[in-house]
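Reader: I'm new to looking at protein models, and I'd like a close look at one part of this one. Could you walk me through it slowly?

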Amino acid sequence: MIGFVVAPQNARPLYITGDTVWYAGVAEVARRFKPGLVMPFAGSAKTRGPFHLTMDANDVVETAHEFPDAVIVPVHHDGWAHFTQSGKDLEQTFAALGLASRLRLLEPGVATTIEFP
């Protein structure tokens, strides 16, 4: 499991999960750093066997709940054959759970500014 917390001067940190699934260490990042933007590696990547290499929609929802003040910007979820879920799956899940306002999906090749608290 690997992840990165980037803490710019005069701004809240951002957290990039890296290839991981939901586990207690993700919650520990929320407690220790209080990032305003979280970038989970999603897509529920399966490379071998029944195990996911990256977060599925449920993991991303758990992450959103653990970081209640953060904007959620999933990355690394579309474009490769080993992804079993897509950005659309995340969008539908967040909408069904009333969390759509916190989710920002990026478009490949489109520069995007994301405001976060």
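Reader: Is histidine 76 buried, partly exposed or exposed, and what is its relative accessible area?

Author: Sure, let's start there, keeping in mind that this is a predicted model. Histidine 76 is partly exposed, because its relative accessible area is 33%, and partly exposed covers the range between under 20% (buried) and over 50% (exposed). You'll find histidine 76 in the loop between β4 and α3. Its backbone has a quirk too: phi of histidine 76 is near 60 degrees, a positive value in a residue other than glycine. Most residues other than glycine have a negative phi.

Lysine 34 also has a positive phi, near 50 degrees, and is not a glycine either. That one sits in the loop between α1 and β3. Lysine 34 counts as exposed because its relative accessible area is 52%, and the cut-off for exposed is over 50%.

Back to histidine 76, which helps line the largest pocket, along with Pro74, Val75, His77, Asp78, Leu106, Glu107 and Pro108. The volume of this pocket is about 150 Å³. Sort its lining residues by type and you get four nonpolar, two polar and two charged.

Val75, from that lining, leads us inside the protein. Before following it, look at the largest nonpolar core, which has 18 residues; Tyr15, Val38, Val60, Phe67, Ile72 and Phe94 are the ones touching the most other members. Two or more residues of this core come from each of α1, α2 and α3, and α2 is the top contributor with four. Now Val75 comes back in: it belongs to a second, separate core of seven residues, which also includes Met39, Phe41 and Val71. As a rule, nonpolar side chains tend to be buried together in soluble globular proteins.

Let's zoom in on α2, which runs over residues 57–66 and has Ala57, Asp59, Val60, Val61, Thr63 and Ala64 buried. Among the elements covering these buried residues are α1 (24–33), β3 (37–39), β4 (71–72) and α3 (87–96). Take valine 60 as a sample: setting aside neighbours within four places in sequence, its contacts are Pro40, Ala42, Met55, Ile72, Leu90 and Phe94. Two of those names, Ile72 and Phe94, also appear with Val60 in the list of core residues that touch the most other members.

One last detail is at the N-terminal end of α2, where aspartate 56 acts as a cap. One of its side-chain oxygens lies 3.1 Å from the backbone nitrogen of asparagine 58.

Methods:
Residues are numbered from 1 along each chain as its sequence is written. This is a predicted model: local features need pLDDT of at least 70, side-chain atom pairs count only at pLDDT 80 or more; totals for chains, interfaces and linings use all residues. Side-chain values use heavy atoms; hydrogens and water are left out. On a 1 Å grid over the protein atoms alone, a cavity is a set of points where a 1.4 Å probe fits but cannot get out, and a pocket is an open set with protein on both sides within 12 Å along at least five of seven lines; lining residues have an atom within 4 Å of a point. Grid points are joined across faces, edges and corners, and a volume is the space filled by probe spheres set on the points. Ala, Val, Leu, Ile, Met, Phe, Trp, Tyr, Cys and Pro count as nonpolar, Asp, Glu, Lys and Arg as charged, and the others, Gly among them, as polar. Buried means under 20% relative accessible area, exposed over 50%, partly exposed in between (1.4 Å probe, protein chains only). Contact means heavy atoms within 4.5 Å. A polar contact is a pair of N or O atoms within 3.5 Å; within protein, one must be able to donate a hydrogen and the other to accept it, and residues adjacent in sequence count only if both atoms are side-chain atoms. A nonpolar core is a set of buried Ala, Val, Leu, Ile, Met, Phe, Trp, Tyr and Cys residues joined through side-chain atoms within 4.5 Å.
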